[in-house]
Amino acid sequence: MPSKLARLVGSILVLAGCSRPAPPAAAPRAEPVVLQLNWFPEAEHGGFYTAAIGGHYAAQGLAVELRPGGRAIRVAGELASGRVQFAVANAEDVVIFRSQGADVVTVMTACQHHPRCILTRTDSGVKSFTDLGAKGMTLQVQQGHAFVEYLRSKGLLAGVKEVPFTGGGARTVADPTFAQQGYVYSEPILARQQGVGITTLMVSDIGFDPYSSVLVTTGKLARERPDLVRRMVAAAIAGWRGYLADPAATNARLLEVNPEGVTRPMLEEGVAILRGLCLPGDMPADELGTMTAERWDRLVEQMTAVDPSLAGKVKAADCYTLEFLSGAATRQASE
């Protein structure tokens with residue numbers, strides 16, 4: 001028979017064993033998501049990359065693959081096929097996608113103002129859009145873009161020789177009789193790095209100003225997985241706020257993934273320009289991402305005016321939703 005002392009010690013050991021803390025539960029597996037970019041990674045995608053680098057996707061339970069775009073990428077097709085759940089586009093693209101029957105909806109915007117510009121050498125003497133025709137400039141543009149049709153509808157391409165834009169800015173840098181399309185935080189900066197004075201004409205200044213770097217998904221996903229869309233939007237907005245506040249780590253990443261397309265000065269100067277496009281005037285950072293019905297209505301009206309075939313095909317209210325925005329962004333949009 002065991003002694004009372006032995007039985008007591010045994011009881012203590014059993015109780016001690018029962019009181020051991022349970023091992024921590026395994027962390028839930030992050031949900032895989034693909035975000036398709038509309039171009040090769042540049043400053044216009046910086047906030048989406050910051051959301052990965054800064055852990056904002058992970059904080060929302062998401063494992064996001066950022067997939068570079070390019071000329072061959074068709075954003076609407078990638079979404080429709082289910083190969084990607086989200087994509088980056090511009091607001092005018094969304095109108096076109098929907099006119100073609102694509103179920104695409106915008107859930108947030110990074111840029112309140114569009115970065116589209118026409119750039120020329122300063123010694124060309126071009127100081128306004130009307131100077132393009134007056135001086136018989138040759139303009140390199142991609143036909144079919146909404147901004148080109150808008151310029152044409154305003155008579156601003158009269159007297160201008162239009163030729164295809166194939167990328168880069170070598171011809172504009174070399175020849176003062178050439179102008180080209182560009183994004184204000186990209187091509188003009190690269191041209192100036194080559195020691196050439198550059199003038200930029202902002203298309204937004206003449207009234208065509210769609211939202212830019214918008215986050216889009218399908219209406220089906222928005223209806224069936226609203227929580228997923230809400231988490232993606234929250235992470236993306238946090239990423240953009242972070243990028244505009246402190247872009248260094250993200251710019252280093254962009255240089256790694258697109259070494260042929262960006263330079264450090266281009267990214268550093270680009271972010272300074274982006275701040276004014278994403279948060280114009282005194283717009284606070286907590287309103288980043290917001291959209292308004294007035295802006296979407298105006299865009300659809302403008303695009304229908306230059307392309308009457310769009311009439312009746314697109315409703316502005318179907319192009320976007322404020323459902324997944326929160327806080328100040330939603331309040332401002334509804335004012």
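The charged end of arginine 295 sits 4.2 Å from the centre of the tyrosine 211 ring, over its face. Keep in mind that this is a predicted model, so every value here is computed from it.

**Aromatic pairs**

Staying with rings, the count of aromatic pairs comes to seven. Two of them are laid out here, both edge-to-face.

| Aromatic pair | Centre to centre | Angle between planes |
|---|---|---|
| Tryptophan 39 and phenylalanine 40 | 5.1 Å | 70° |
| Phenylalanine 48 and tryptophan 240 | 5.7 Å | 90° |

Why does the pair of phenylalanine 48 and tryptophan 240 count as edge-to-face? Because the planes of the two rings stand at 90°, and anything over 60 degrees falls in that class. This pair also ties together distant parts of the chain: phenylalanine 48 belongs to helix 2 and tryptophan 240 to helix 11, 192 residues apart. Both phenylalanine 48 and tryptophan 240 are buried. Tyr243 joins Phe48 and Trp240 to make one aromatic cluster.

And the other pair in the table? Tryptophan 39 is partly exposed, at 27% relative accessibility. Phenylalanine 40 is partly exposed too, with a relative accessible area of 39%.

**Helix 12**

Helix 2 and helix 11 turn up again around helix 12, which spans residues 248-257. Which residues of helix 12 are buried? They are Thr250, Asn251, Leu254 and Leu255. Looking down the helix axis, these buried residues fall within an arc of 145°, so they line one face of helix 12. The spacing fits the usual geometry: an α-helix has 3.6 residues a turn, so residues three or four places apart point the same way. What do the buried residues of helix 12 pack against? Their partners are helix 2 (46-53), helix 11 (226-245) and helix 13 (264-278).

**Strand 3 and its partners**

Now for the strands. Strand 3, residues 86-89, is covered on both faces. Phe86 and Val88 are buried on one side, while Ala87 and Ala89 are buried on the other. Strand 3 runs parallel to strand 1 (residues 31-36), and two bridges join them. Within that pairing, leucine 35 stands opposite phenylalanine 86. With strand 10 (residues 212-218), strand 3 runs antiparallel, joined by three bridges. There, alanine 87 has valine 216 as its bridge partner.

**The five-stranded sheet**

Elsewhere, five strands make an open sheet with mixed pairing, in the order 7-6-8-5-9. Which strands sit at the edges? Strand 7 (161-164) and strand 9 (198-202) do, each pairing on one side only. Neighbouring strands in this sheet are turned against each other by 30° on average, direction ignored. One of the pairings in the sheet is between strand 6 (residues 138-141) and strand 8 (residues 178-183), parallel over three bridges. Glutamine 140 stands opposite glutamine 180 of strand 8.

Edge strand 9 includes isoleucine 198. Is isoleucine 198 buried or exposed? Its relative accessible area is 8%, and the cut-off for buried is under 20%, so isoleucine 198 counts as buried. Leaving aside neighbours within four places in sequence, isoleucine 198 is in contact with Leu119, Thr120, Arg121, Thr122, Pro188, Ala191 and Arg192. Proline 188 is 10 residues away from isoleucine 198 along the chain, and their C-alpha atoms are separated by 6.5 Å.

How values were computed:
Residues numbered from 1 in each chain as written. Predicted model: local features only at pLDDT ≥ 70, side-chain atom pairs only at ≥ 80, totals over all residues. Heavy atoms only, no water. Buried < 20%, exposed > 50% of the residue type's maximum accessible area, 1.4 Å probe, protein only. Helix = DSSP H or I, 4+ residues; strand = E, 2+ residues; numbered from the N terminus. Arc of directions from axis to C-beta. Contact = heavy atoms within 4.5 Å. Phe/Tyr/Trp six-rings, centres within 6.5 Å; stacked < 30°, edge-to-face > 60°. Lys NZ or Arg CZ within 6 Å of the ring centre and 35° of its normal. Pairing = 2+ DSSP bridges. Axes fitted to C-alpha atoms, helices over the stretch in contact; angles between N-to-C directions.
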